[in-house]
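Reader: I would like a close look at a single part of this model, followed outward into its surroundings. Please take the structure below as the starting point.

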Amino acid sequence: PVRALIFDLDGVLTDTAEGHYQAWQRLADELGVPFDRERNEALKGIDRMGSLERILAGSGKMLTAAEKLEAASRKNGYYQDLIARFTPEDLFEGVRDLLLSARQAGLKLGVASASRNAPALLTRLGIIDLFDHVADAGAIPNPKPAPDIFLSVARALDVPAPLCLGIEDSMAGITAIRQAGMPAVGIGDPAILTEADAVIGHIRDFRLDRFVRPA
Ligand code: B16
Ligand code: MG
């Protein structure tokens, strides 16, 4: 039986996936490199600098290391402006109830977000205290699609990986969960999240009793 739920944040608990997209689109337009929603799909779950490298790859645009740092921090500024006014109202429907009933059922809860903004965002959303552990994205050696971040949360929760259920909206994240030896629930389009064990359209449709059998 599953003993822990490990959630991705952006695009799973709240709609920041759209904010990341908008911020990257603005930066790409300023840099004059091609970018659109379809290219953005492959960036979901990818860390900030990794995302910038992917946007630049094949565009013909060359930036120095210092210019890359500046561009990444400019994107982060755009993103932070978008999330500055987030409140608990911005949680996806059903999230708070899901977290509360999972805790009531005795499950451990963790967050495995690649975002360095995750702790601040969870605080703004009013749910940080519902989690037993939130990964420190800056301290994880290999980013998604490597399994490291999910394994580090499982370790902190003291639950063996196969007894953790990972919940993700990104291709990179689903790969990371499967590499970690955990079952994966995708949130989004089953035609995109093909590696997931199950895919649901929205977190509000997550039924605890479907995925978590009583011990
Ligand atoms: P930051 P997740 C990821 O969060 C986002 O999906 C991805 O678009 C973003 O580039 C990454 O966090 C890094 O975020 O720039 O805030 O550190 O989906 O893993 O919760
Ligand atoms: Mg995500």
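Is G166 buried or exposed, and how many other C-beta atoms lie within 10 Å?

Author: This is a predicted model, in which local features need pLDDT of at least 70 and side-chain atom pairs count only at pLDDT 80 or more, while totals for chains, interfaces and linings use all residues. Residues are numbered from 1 along each chain as its sequence is written, and chains are lettered from A and ligands numbered from 1 in the order in which they are written.

G166 is buried, because 30 other C-beta atoms lie within 10 Å; a residue counts as buried at 20 or more such atoms around its own C-beta, as exposed at 12 or fewer, and as partly exposed in between, with C-beta atoms placed from the backbone. The place of G166 is in strand 4, which covers residues 164-168; strands here are DSSP runs of E with at least two residues, helices are runs of H or I with at least four, and both are numbered from the N terminus.

Leaving aside residues up to four places away in sequence, G166 touches I6, F150, I177, M182 and A184, where contact requires C-beta atoms, placed from the backbone, to lie within 7 Å. Two of these names return as bridge partners: I6 in strand 1 is matched with G166, and A184 is the partner of G166 in strand 5. The C-alpha atoms of G166 and I6 are separated by 4.8 Å, although the two residues are 160 apart along the chain.

Strand 4 pairs in the parallel sense with strand 1 over 4 bridges, and 3 bridges join strand 4 to strand 5 (residues 184-187), again with a parallel run; pairing means that DSSP finds at least two bridges between the strands. Strands of a sheet pair through backbone hydrogen bonds, either parallel or antiparallel.

On its other side in the sheet order, strand 1 pairs with strand 2 (residues 108-111), also in the parallel sense and over 4 bridges, with A4 standing opposite K108. Strand 1 itself, residues 4-7, is covered on both faces, since A4 and I6 on one side and L5 and F7 on the other are all buried.

Taken as a whole, the 6 strands form an open sheet in the order 3-2-1-4-5-6 with parallel pairing. Its edges are strand 3 (133-134) and strand 6 (198-200), each of which pairs on one side only. Helix 7 (residues 148-157) packs on this sheet and touches strand 1, strand 2, strand 3 and strand 4, its direction making about 145° with that of strand 1; axes are lines fitted to C-alpha atoms, for helices over the stretch in contact, and angles run from 0 to 180 degrees between N-to-C directions.

For the wider setting, the protein has 9 helices and 6 strands, and buried residues make up 43% of its 215 residues. Among contacts between residues at least 6 apart in sequence, 61% join residues at least 24 apart. Along the principal axes, the C-alpha trace spans about 55 × 35 × 30 Å.

Terms used:
Contact = placed C-beta atoms within 7 Å.
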